Amino acid sequence: MTKAKYAQTPSGQKYLKSIEGFPSRSLAPSTVARILTIVVMVIVLIYFIFPIFWVIISATKNNNEMASTFGLWFAPHGKNSESSSVWGQTVANYNALIGWTRGYLWRWIGNSILYSAVAAAIGTIISTMAGYAMAKFRFPGKNFTIGTIMAGLLMPVAILTVPMYVVFIHLGLTNTMASIIIPCCVSPFGVFLGRVYAQSSVPTELLEAARIDGAGEFRIFFTMVLRLLAPAMVTIFLFIFVATWNNFILPQMMISSDELKPITLGLYGMLSYFRPEFGPIMLASLLGVIPLVILFLGLQKYWQSGLAAGAVKG
């Protein structure tokens with residue numbers, strides 16, 4: 001009896017229903033593999049969550065409590081304690097933080113948000129346009145351009161900081177917002193991801209149909225291509241945002257005014273004291289990382305799909 005005839009018999013139909021929705025036994029992971037996967041994932045979760053948890057605990061302590069109490073839990077506050085409660089010590093750390101920064105703390109956090117958001121927005125558009133052009137257009141020197149951009153992925157940003165500083169000081173743009181935003185707008189990884197995603201997600205037939213209908217290249221890009229590249233754009237935006245937020249060497253060389261400092265440069269200034277209070281510093285670090293956490297949680301659905309597309313399609 002052939003497989004087709006057996007599938008039409010009652011026993012064959014019963015068998016097909018019993019295996020419907022289940023993977024092949026050869027593809028199903030074993031019990032040991034599932035347990036090892038869960039254990040590894042838990043370890044990875046702890047690895048990433050532990051620093052944030054430690055910063056939260058440390059932000060509620062002073063220097064003495066950090067040295068004399070268990071580092072992974074809040075300090076006990078009894079009658080002989082310097083503070084009446086965990087909340088009281090946290091408020092004291094915040095007041096000390098505002099005093100040390102001369103009221104610039106929230107200005108520094110706002111500067112970081114401004115630098116990162118503007119650089120990420122402009123850089124995303126530039127990366128997407130460049131990646132789309134290299135994926136869908138033919139022009140002289142295309143392969144050389146792609147190779148140059150790929151080489152840029154291997155070059156550390158710190159090497160380019162001094163040449164950029166020399167250029168900006170001759171242009172008279174040091175100690176300005178532009179000195180932070182303009183260099184951070186360029187992202188070789190963003191161009192690479194935009195090109196890979198455009199190759200796989202933008203059908204050439206759709207572009208040709210739009211051109212036949214009389215649409216110009218700018219109209220095609222801004223009304224059609226951008227919608228198709230939305231997951232990649234979110235991923236590029238996040239990478240440039242985080243890279244700009246964490247950038248330290250560039251602001252240190254370009255910015256000298258307290259009013260223009262980002263939070264990374266402000267934290268460095270706090271650590272330069274002879275005897276810094278680590279509780280307020282930990283609180284500043286916690287306040288400085290909250291915007292990044294909110295951004296990642298809000299956009300995780302989009303950047304995950306963008307990364308997956310860039311990883312498996314080319």
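Three short exercises on a predicted model follow, each with a worked solution.

**Exercise 1. The whole chain**

Describe the chain by its secondary structure, its burial and its contacts.

Solution.
- Start with secondary structure: the chain has 16 helices and zero strands.
- Turn to burial: 34% of the 314 residues count as buried.
- Then take the surface: the accessible area is about 19000 Å², and carbon and sulfur atoms supply 69% of it.
- End with contacts: among those with a separation of 6 or more, 72% join residues 24 or more positions apart.

**Exercise 2. Ser85**

Place Ser85 in the chain, then decide whether Ser85 is buried, partly exposed or exposed.

Solution.
- Locate the residue: Ser85 sits in the loop between α4 (63-68) and α5 (86-100).
- Classify it: the relative accessibility of Ser85 is 27%. Buried needs under 20% and exposed needs over 50%, so Ser85 is partly exposed.
- Look at its side chain: a polar atom there lies 3.0 Å from the backbone nitrogen of Gly88.
- Compare sequence and space: Thr60 is 25 residues from Ser85 in sequence, and their C-alpha atoms are 9.3 Å apart.

**Exercise 3. Cys184 and Cys185**

Explain why Cys185 forms no bond with Cys184.

Solution.
- Recall the chemistry: a disulfide is a covalent bond between the sulfur atoms of two cysteines.
- Set the cut-off: the two sulfur atoms must be within 2.5 Å.
- Apply it: the cysteine sulfur closest to that of Cys185 belongs to Cys184, 7.4 Å away, so the distance is too far for a bond.
- Count for the model: there are zero disulfides.
- Check burial: Cys184 is buried at 11% relative accessible area, and Cys185 is buried at 6%.

Definitions and conventions
Residues numbered from 1 in each chain as written. Predicted model: local features only at pLDDT ≥ 70, side-chain atom pairs only at ≥ 80, totals over all residues. Heavy atoms only, no water. Helix = DSSP H or I, 4+ residues; strand = E, 2+ residues; numbered from the N terminus. Buried < 20%, exposed > 50% of the residue type's maximum accessible area, 1.4 Å probe, protein only. Contact = heavy atoms within 4.5 Å. Areas by Shrake-Rupley, 256 points an atom, 1.4 Å probe, with all protein chains shown as cover. Polar contact = N/O pair within 3.5 Å; in protein donor to acceptor, adjacent residues only side chain to side chain.
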